[in-house]
Amino acid sequence: RVLGNKMVAYHSGLSDNERAEIYLDLLQNKQIQVVLGTRSAVFLPFQNIGLIIVDEEHENTYKQQDPAPRYHARSSAIMLASMFGAKVLLGTATPSVESYFNATNGKYGLVELKERYKDIQLPHIERVDIKELAHQKRMQGPFSPLLVKEIREALNRKEQVILFQNRRGFAPMME
């Protein structure tokens with residue numbers, strides 16, 4: 001509402017006609033100044049890009065595998081920005097290995113937020129050496145004794161528990 005007709009959203013929920021209209025509007029240099037889009041938006045016919053923001057840049061959903069063409073939208077956005085002399089902002093709380101490497105080696109700028117919104121406390125993170133626990137035969141299936149204990153305690157307090165499992169990570173097997 002704030003930007004009116006200067007902004008468009010480009011995504012797969014649009015009909016082919018709606019997507020073609022946006023494409024043509026960009027080609028004809030209409031008043032569109034902001035495109036909020038999914039990964040395919042990097043292929044739109046931009047005329048004068050000044051800034052590209054890739055939110056949650058670490059997400060593996062930016063990779064297009066099937067159908068062809070195969071591409072990584074984050075990498076494509078970086079190349080597109082370089083063609084226009086534009087800036088790229090890669091936003092994430094958990095950067096990809098590539099982006100973190102590039103930032104710590106000076107290829108990218110790095111801005112770190114040292115405190116959270118409204119001073120919300122960071123969660124306590126405890127690392128567990130599951131390889132050692134497996135060697136000691138203390139694992140309970142794929143779970144460490146500490147994880148099982150914490151789950152039981154949460155359930156005893158009548159709380160819910162969510163376990164996230166990467167479906168398409170860099171390591172497609174469980175050790």
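Helices here are DSSP runs of at least four residues, numbered from the N terminus. Helix H4, residues 130-135, is one of these runs and holds lysine 131. The model is a predicted one. Lysine 131 counts as exposed because its relative accessibility is 69%, and the cut-off for exposed is over 50%. Serine 144 lies 13 residues from lysine 131 along the chain, and the C-alpha atoms of the two are separated by 9.9 Å.

The nonpolar interior comes next. The largest nonpolar core is made up of 11 residues, including Val42, Ile52, Tyr62, Tyr71 and Leu80. Two elements, E3 and helix H2 (73-84), give two or more residues each to this core. Helix H2 gives the most, with 4 residues. Ala86 is also a member of the core. Leaving aside residues up to four places away in sequence, alanine 86 touches Ile49, Gly50, Leu51 and Ala81. Apart from the largest core lies another, of 8 residues, among them Val8, Ile32, Ala41 and Leu44.

Tyrosine 71 also takes part in an aromatic contact. The structure holds 1 aromatic pair. The ring centres of phenylalanine 43 and tyrosine 71 are 4.8 Å apart and the planes stand at 80°, so the pair is edge-to-face. This pair links distant parts of the chain, 28 residues apart: phenylalanine 43 is in the loop between E2 and strand E3 (51-55), and tyrosine 71 is in strand E5 (residues 71-72). The two partners differ in exposure: tyrosine 71 counts as buried at 14% relative accessibility, whereas phenylalanine 43 is partly exposed, with a relative accessible area of 45%.

On the surface, Val2, Leu3, Met7, Val34 and Leu36 form a nonpolar patch with about 450 Å² of accessible area together. Valine 34 belongs to strand E2 (residues 34-37). Its relative accessible area is 32%, so valine 34 is partly exposed.

Charged side chains make up the last part of the picture. Side chains of opposite charge can pair when their charged atoms come close. A search of the whole structure finds 8 salt bridges. In one of them, glutamate 57 meets arginine 74, and the closest N and O atoms are 3.0 Å apart. The partners sit in distant parts of the chain, 17 residues apart, with glutamate 57 in the loop between E3 and strand E4 (63-64) and arginine 74 in helix H2. Glutamate 57 is buried, with a relative accessible area of 0%, and arginine 74 counts as buried at 7%.

Another salt bridge joins the side chains of aspartate 66 and arginine 70, at 3.2 Å from N to O. Here aspartate 66 is exposed, with a relative accessible area of 60%, and arginine 70 counts as exposed at 59%.

A further salt bridge, between lysine 149 and glutamate 153, has its closest N and O atoms 3.3 Å apart. Both residues lie in helix H5 (residues 145-156), and their spacing of 4 residues is about one turn of the helix. Lysine 149 is partly exposed, with a relative accessible area of 43%, and glutamate 153 counts as partly exposed at 31%. Elsewhere, salt bridges that share partners join Glu57, Arg74 and Glu98 into one network.

How values were computed:
Residues numbered from 1 in each chain as written. Predicted model: local features only at pLDDT ≥ 70, side-chain atom pairs only at ≥ 80, totals over all residues. Heavy atoms only, no water. Patch = residues over 30% accessible without salt bridge, like charges linked within 9 Å, V, L, I, M, F, W, Y side chains within 5 Å. Areas by Shrake-Rupley, 256 points an atom, 1.4 Å probe, with all protein chains shown as cover. Salt bridge = Lys/Arg side-chain N within 4 Å of Asp/Glu carboxyl O. Buried < 20%, exposed > 50% of the residue type's maximum accessible area, 1.4 Å probe, protein only. Phe/Tyr/Trp six-rings, centres within 6.5 Å; stacked < 30°, edge-to-face > 60°. Core = buried A, V, L, I, M, F, W, Y, C linked by side-chain atoms within 4.5 Å. Contact = heavy atoms within 4.5 Å.
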